[in-house]
Amino acid sequence: MSAEKKLIKQIRSIVYEKQADLEQITKLVIKYRLTSETVTLTNDERIIYNACLATKTDPMIVLSKSRKGSAPSARYFIWSQLRKQDPNRSFEKIGMVTGGHDHATVMHGIKTLKEWLDVDRVTIRNHSKFLNLVEPC
């Protein structure tokens, strides 16, 4: 990996993990002569970040295969939102966004989320927070 790609990856991780303020990002972009598009979060990354915020889960856990804590519900939020935004996107491609989950796992996760939203208060509250972050009024 080239030095420039490593630098871009490092800056993107600062933006993603710590949600750096705009001034800090601007300084880095100017200092290293990058474009702002290089460090801006993609739509998928923004959805992952907001799911992690809503469930108070570490992004690295959500992007792993871990089933501990609120990682599964954060993943289900992500999968459901990605499917809602692009119904033609395959379940396999949606699973790849969160660490390579297969299509059956994604389908099961979306179905499970719908069931949880009928009965589980914590999931309902966290999902509401997530939707407010992703789809502001």
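In this predicted model, helices H6 and H8 are roughly perpendicular to each other. Two packed helices are described by the angle between their axes and the distance between the axes. For H6 (residues 71-85) and H8 (residues 103-119), the angle is about 100° and the axes lie 9 Å apart. That angle falls within the range of 65 to 115 degrees, and the pair therefore counts as roughly perpendicular.

Residues from both helices build this contact. H6 contributes Ser73, Tyr76, Phe77, Trp79, Ser80 and Arg83. H8 supplies Thr105, Val106, Gly109, Ile110, Thr112, Leu113 and Trp116. Sorted by class, the contact of H6 with H8 comprises 7 nonpolar, 5 polar and 1 charged residues.

Two of the H6 residues in this contact, Ser73 and Phe77, also touch Thr55. Thr55 belongs to helix H4. Its relative accessible area is 8%, so Thr55 is buried. Beyond Ser73 and Phe77, Thr55 touches Ser70, Ala74 and Asn126, with residues up to four places away in sequence left out of the count.

Helix H4 (residues 43-55) also holds Asp44, a partner in a salt bridge with Arg89. Side chains of opposite charge can pair when their charged atoms come close. The structure contains 1 salt bridge. In the pair of Arg89 and Asp44, the closest N and O atoms are 2.7 Å apart. A polar contact of 2.7 Å likewise joins the two side chains, Asp44 and Arg89.

The salt bridge links distant parts of the chain. Arg89 sits in the loop between H6 and helix H7 (91-97), whereas Asp44 is in H4. The two residues are 45 residues apart.

Is Asp44 buried or exposed? Its relative accessibility is 19%, and the cut-off for buried is under 20%. Asp44 therefore counts as buried. With residues up to four places away in sequence excluded, Asp44 touches Leu82, Arg89 and Val97. Asp44 and Ile78 are 34 residues apart in sequence, yet their C-alpha atoms are 8.4 Å apart in space.

Taken together, H4 carries two buried residues described here, Asp44 and Thr55. Asp44 pairs with Arg89 of the loop between H6 and H7. Thr55 touches Ser73 and Phe77, among others, and both of these residues take part in the contact of H6 with H8.

Definitions and conventions
Residues are numbered from 1 along each chain as its sequence is written. This is a predicted model: local features need pLDDT of at least 70, side-chain atom pairs count only at pLDDT 80 or more; totals for chains, interfaces and linings use all residues. Side-chain values use heavy atoms; hydrogens and water are left out. Axes are lines fitted to C-alpha atoms, for helices over the stretch in contact, and angles run from 0 to 180 degrees between N-to-C directions. Helices (H or I, at least four residues) and strands (E, at least two) are DSSP runs, numbered from the N terminus. Angles under 35 degrees count as roughly parallel, over 145 as roughly antiparallel, 65 to 115 as roughly perpendicular and the rest as oblique. Contact means heavy atoms within 4.5 Å. Ala, Val, Leu, Ile, Met, Phe, Trp, Tyr, Cys and Pro count as nonpolar, Asp, Glu, Lys and Arg as charged, and the others, Gly among them, as polar. A salt bridge is a side-chain nitrogen of Lys or Arg within 4 Å of a carboxyl oxygen of Asp or Glu. Buried means under 20% relative accessible area, exposed over 50%, partly exposed in between (1.4 Å probe, protein chains only). A polar contact is a pair of N or O atoms within 3.5 Å; within protein, one must be able to donate a hydrogen and the other to accept it, and residues adjacent in sequence count only if both atoms are side-chain atoms.
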